[in-house]
Each structure stands twice: as C-alpha cells, then as structure tokens.
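Q: Please take me through this model by asking, for each label, what earns it.

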Amino acid sequence: MLAWTVSTGAIRGVTTITTDGGFCAIWAEPSGRALDVGCGTGNLIDLLRTRFDVVVGVEPDPTTSAAVLARFADDEIVIIEALRFDDFASEAKYDAITVVAALHHLPLEESMKRLSGLLEPGGRLVVVGCYRSTTMTDGLVSVLAAVCNPVVGVLEHRQVAVEQLKSMTAPTAEAGESMADVRRAAALHLPGSRIKRRLFWRYTLIYDARLAAASVGE
C-alpha cells in the first residue's frame, strides 16, 4: 500500500504529494479540477480536496465505491463516479489527474490516450503504476524490493493490525505490461512523459500537457 503525504513546502502555493517510495508529485499554485482514477476508498481524494476546487473520483468496485461515496457524502466539492473508467463520460477538463495502482487494470494505450484528452492545457497527469518483471534489471530491482519490503513494513506500521485496512480491500490484479510496454505506449500517447522505475515493482510517470516533446528515461 502506498502512503501519501501532502504539504505546501517551502514555497507558498506549491503542493507536494509524496509516496512512501520516495516519489514526489508537485503542482504549483494548484486550483481548478482534479480527477483521481481508481480512487479506492478516497485517501488521495482527501488530500487533493484541500488544494483543488473540485475533485472527481472514479471507482468501479461496488463495495469500495460505496465506502468512498459514504465518506464524502457531505462534501460539496467531491464527486464520486461509481463506474468503470471506460464508461466515465466527462465534458470537463482537469488540471490534475492521478492514477495510483490502477492503470494496470485498464487497457494501457486506450487509457493513456483518454487521460491525455482529459487534461487542460498545462495540466499534469501523475501515474504510480505496477509493471511486470521481464528483464534482468527488473529481476535485480525485484530482489532489492523483496529485501526492503518487510523492513519498510515494520518501520511504517509498528503495531500489528488486527484487521485489514479499508484502503487495502479494493480488488487487485497482476500487472500485464512490462516497463518497455509502458514506455512504448507513453511515447505514442503521452509524449514528454518522465518515467522512472521505482522499488516495490512500481514505476512513476509524470506528463505535462504543455510539453510537446519528451524524453523517456530510466
């Protein structure tokens, strides 16, 4: 499970969202509309709602969507769409879009193309995705992650859980795409993406709609 924190940082008006894997997503002077695809029980929405005027969450799982709908039932700026992203119809554009541990549940190329089309000019897409190990580099990173994972778990969660956390009850699936697949799709549909391999079998992708040309790196 990824833990998120949010702060305004040293520069006024700059929002930094940080995962426990050391990844930071930064929005300067955040405002306007944000979209969280695969929002789960709404932990990231709870952070985004403090920095954006409207936050829309999309969650297809019936049990999980019921929980997030109840959580934000009285919040006027949060809108929850209990449906698949494939069925999400929006005339609005978004200044920020987040997709955390959800893109591998979706058709990769079609979803990247759709996400790009939902961004306002100058908007930012942030993906924390899961990938399938296929190369020697993937294998080495997986070994390191296997060693680090229990250590991080002990440091982050010192008390023994008596029941499963709600944020960990959403349906899961194995990643089908490799890092090479992700990079190829991003080069076609999200030119300018900055992609980095992370620990714990994850990668991060940042795409700024204002950029016209890109480099996709390790």
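Q: What makes a set of residues in this predicted model a nonpolar core, and which members of the largest one touch the most others?
A: A nonpolar core is a set of buried residues of nonpolar type, joined through side-chain atoms within 4.5 Å. The largest such set in this predicted model has 29 residues, and Ile97, Leu125 and Leu205 touch the most other members. Two or more residues each come from strand E4 (33-37), strand E5 (54-58), strand E7 (94-100), helix H3 (108-117), strand E8 (119-130), helix H5 (179-189) and strand E10 (202-208), and the largest share, four residues, is that of H5.

Q: Which residues does isoleucine 97 touch, not counting residues up to four places away in sequence?
A: With contact meaning heavy atoms within 4.5 Å, isoleucine 97 touches Leu35, Val37, Leu115, Leu118, Leu119, Arg124, Leu125 and Val126. Apart from the largest core lies another, of 15 residues, which include Cys39, Leu47, Phe72 and Val78.

Q: Why is cysteine 39 called buried?
A: Its relative accessibility is 7%, and buried means under 20%, so cysteine 39 counts as buried.

Q: Why does cysteine 130 count as buried?
A: Cysteine 130 has a relative accessibility of 18%, which also falls under the 20% limit, and therefore cysteine 130 is buried as well.

Q: How many disulfides does the structure hold, and what would make a pair of cysteines one?
A: A disulfide requires a pair of cysteine sulfur atoms within 2.5 Å, and the structure holds zero disulfides.

Q: What makes strand E6 (78-81) and strand E9 (194-198) the edge strands of the sheet?
A: Seven strands form an open sheet in the order E6-E5-E4-E7-E8-E10-E9, with mixed pairing, and E6 and E9 are its edge strands, since each pairs on one side only. Neighbouring strands of this sheet are turned by 15 degrees against each other on average, direction ignored.

Q: How do you know that E9 and E10 pair, and in which direction do they run?
A: Pairing asks for at least two bridges between two strands; E9 and E10 are joined by five and run antiparallel, so they count as paired. Isoleucine 195 stands opposite leucine 205 in E10.

Q: Which strands does H3 lie across, and at what angle does H3 run to E8?
A: H3 lies across E4, E7, E8 and E10, and runs at about 145 degrees to E8.

Q: What share of the protein chain is made up of buried residues?
A: Of the 218 residues in the protein chain, 42% are buried, while the surface that the chain exposes comes to about 11,600 Å², with carbon and sulfur atoms supplying 55% of it.

Notes
Residues numbered from 1 in each chain as written. Predicted model: local features only at pLDDT ≥ 70, side-chain atom pairs only at ≥ 80, totals over all residues. Heavy atoms only, no water. Buried < 20%, exposed > 50% of the residue type's maximum accessible area, 1.4 Å probe, protein only. Axes fitted to C-alpha atoms, helices over the stretch in contact; angles between N-to-C directions. Areas by Shrake-Rupley, 256 points an atom, 1.4 Å probe, with all protein chains shown as cover.
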